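Please open the structure in your viewer and keep the selection panel at hand. The tour below proposes one selection after another and describes what is to be found at each stop.

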Amino acid sequence: MTRYDPSPLLLLSGLSPVKITVKADSGGSKPLPFAEILSKVFLPAGYPDSVTPVDCRYQVFNALQAFCSSLASLLSSRAVLEGFGVGDPSASATNALLLTVVLDFFSRMTTIVSAYFIGTSLVPESKTYRFLADILNDSAIVLETLTPVFVAASKHGLPSLRVPALCLSASLRSLCGVAAGGSKAAIGLHFATPVNGKGDLGDLNAKDASKETVLALMGMLIGTLIVPHITTSTSTYTMLVTLVSLHLVLNYYGVRGLALRTLNRQRASFLWSTFRQTKDVPSPAEVSEHEHIFANSSILKDIATGQVLGSCIFASNGLGRILATGHGTPPFDLFKTEQYVLWFDRTCISNSGKELRSGALHMHIVLKKGHGALDHLKAWIHAYEVAKLLAEYPETIDPTTALCVSYASAAEHLPSFLKELAEKTWIVEEGGLVTTLPRKLLVEADVAFDGESTKDR
């Protein structure tokens with residue numbers, strides 16, 4: 001092959017030849033330090049800039065709880081094998097196989113049913129379901145560990161609870177898998193979307209799986225050294241209670257430390273209540289310190305006083321309850337440009353529709369076709385303002401006036417609130433206030449007032 005010398009061309013163009021020297025590394029590549037190897041294997045690429053700052057704290061608690069769970073699972077696995085008849089000469093392999101089929105049936109059916117009922121709530125309430133998954137898993141471990149007790153009870157003439165206990169345990173584990181899978185996906189997405197920079201969700205999940213695999217393996221290896229020495233019932237249950245308690249405590253503190261930046265009803269209520277009092281919006285880390293893992297998401301609560309203002313069902317099948325004959329009609333003209341309708345439950349409003357009954361306040365939000373995340377936030381803020389207004393003036397404002405006054409107040413402060421949310425890195429566009437699929441969308445309402453028809457499309 002002919003090689004061309006570029007020097008004449010460079011001289012014609014007025015450029016001087018550049019001499020390039022390439023040195024070959026004959027000594028081989030330098031070995032990587034052990035710490036660097038571990039970081040490449042178990043940490044996502046670009047760490048720590050590719051994850052949120054609290055990732056390290058959560059991962060430490062997550063690693064410790066996985067280790068405790070692995071040890072506890074060894075105790076339950078031994079008990080299940082005893083329940084299947086291991087060591088019993090009268091046990092039948094066919095019976096064990098049939099029992100496995102029954103357990104698998106309950107497990108799969110639970111997966112289908114639970115995914116239908118809680119599937120849409122896993123991302124908005126990820127902290128709740130992440131901790132709930134561990135409670136379900138530990139409950140299954142306890143039931144499986146008690147299997148020998150059920151077997152011994154059946155030999156003394158008592159009803160056999162071994163099979164029902166194992167079926168319940170299989171269902172709990174399946175429900176745990178659904179809750180943990182969806183909530184961990186939401187938490188992983190949070191870690192993979194830092195404020196400054198961008199992470200890789202696939203790489204993050206893969207590295208998390210690697211860490212969990214190593215920790216589970218370590219738990220199994222240590223468990224093989226410990227479990228053979230735990231032979232009595234007292235030592236077994238003492239170890240089980242210790243591991244389960246430690247597992248739940250570690251999970252609790254790990255989940256509490258999550259500073260999620262997406263909005264759900266509890267965070268939205270806290271943010272709006274704080275903003276109305278201080279004209280400032282707290283950061284995600286500040287909100288996480290006050291956030292409850294298990295909370296009724298329908299409750300409207302004043303953060304300053306702790307007073308429960310009322311409750312509101314979001315995206316409910318409440319069209320029939322807010323349009324009940326003889327209990328007033330929502331002011332549809334007020335919601336003509338909005339993608340929702342807010343009104344009181346018929347148990348809270350008088351037959352004439354002009355007065356509110358004393359007692360707990362209960363409202364419904366019915367969504368229109370084409371609703372979005374911002375519409376959800378506006379509707380929830382409106383409901384909060386109504387509850388706050390009626391808490392201050394419980395007997396002096398009629399229902400329609402309460403809705404109109406609170407709507408004007410919410411519309412006045414909403415632009416500033418959204419600006420503050422953006423400055424504090426809160427994510428509004430993803431939504432999270434609607435935890436169930438709306439069963440009905442209000443597309444058109446045709447209500448007659450004194451012979452005249454008013455339509456809201």
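**First stop: S114**

Select S114, which has its place in helix α4, residues 93-118. The model is a predicted one. Is S114 buried or exposed? With a relative accessibility of 7%, S114 counts as buried, because buried means under 20% relative accessible area. Now display its surroundings: apart from neighbours within four places in sequence, S114 is in contact with G119, L175 and V178. V178 deserves a distance label. Although 64 residues separate S114 and V178 along the chain, their C-alpha atoms are 7.2 Å apart.

**Second stop: the whole chain**

Zoom out and colour the model by secondary structure. The chain contains 14 helices and six strands. Of its 457 residues, 42% are buried. Among the contacts with a separation of 6 or more, 76% join residues that are 24 or more positions apart. If you switch on the surface, the accessible area comes to about 24800 Å², and carbon and sulfur atoms account for 63% of that area.

**Third stop: N137**

Next, select N137 in helix α5, which covers residues 126-145. N137 has a relative accessible area of 11% and is therefore buried. Which residues does N137 touch, not counting those up to four places away in sequence? They are S69, R173, C176 and H247. Keep C176 highlighted for a later stop.

**Fourth stop: the largest cavity**

How many cavities of 30 Å³ or more does a search of the whole structure find? There are three. The largest cavity holds about 60 Å³ of space. To locate this cavity, select its lining: L71, L75, G223, I226, V227, I230, M239 and L243. Two or more of these lining residues come from each of α3 (55-84), α8 (201-226) and α9 (233-256). By class, seven residues of the lining are nonpolar, one is polar and none is charged. As a general remark, rolling a probe the size of a water molecule over the atoms shows where empty space is left.

**Fifth stop: the nonpolar cores**

Now select L300, L342, M363, I365, L377, F417 and L421. Within the largest nonpolar core, which has 47 residues, these touch the most other members. The elements that give two or more residues to this core are the helices α10 (265-278), α13 (373-392) and α14 (399-423), together with the strands β2 (308-314), β3 (340-344) and β4 (362-367). Helix α13 provides the largest share, 10 residues. Centre the view on F417: beyond its neighbours within four places in sequence, F417 is in contact with L271, W272, F275, V281, L377 and I381. A second, separate core has 12 residues, including Y129, A140, L143 and C176. The last of these, C176, is also among the residues touched by N137.

**Final stop: two loop residues**

Most residues other than glycine have a negative phi. Select K279, in the loop between α10 and α11 (284-290). K279 is not a glycine, yet its phi is positive, near 60°. Its relative accessibility is 45%, so K279 counts as partly exposed. Then move to T425, in the loop between α14 and β5 (445-449). T425 is not a glycine either, and its phi is positive at about 65°. At 26% relative accessibility, T425 counts as partly exposed.

Technical notes. Residues numbered from 1 in each chain as written. Predicted model: local features only at pLDDT ≥ 70, side-chain atom pairs only at ≥ 80, totals over all residues. Heavy atoms only, no water. Helix = DSSP H or I, 4+ residues; strand = E, 2+ residues; numbered from the N terminus. Buried < 20%, exposed > 50% of the residue type's maximum accessible area, 1.4 Å probe, protein only. Contact = heavy atoms within 4.5 Å. Areas by Shrake-Rupley, 256 points an atom, 1.4 Å probe, with all protein chains shown as cover. 1 Å grid on protein atoms, 1.4 Å probe; cavity = no way out; pocket = protein on both sides within 12 Å on 5 of 7 lines; lining within 4 Å. Points joined across faces, edges and corners; volume = space filled by probe spheres on them. Nonpolar A, V, L, I, M, F, W, Y, C, P; charged D, E, K, R; others polar. Core = buried A, V, L, I, M, F, W, Y, C linked by side-chain atoms within 4.5 Å.
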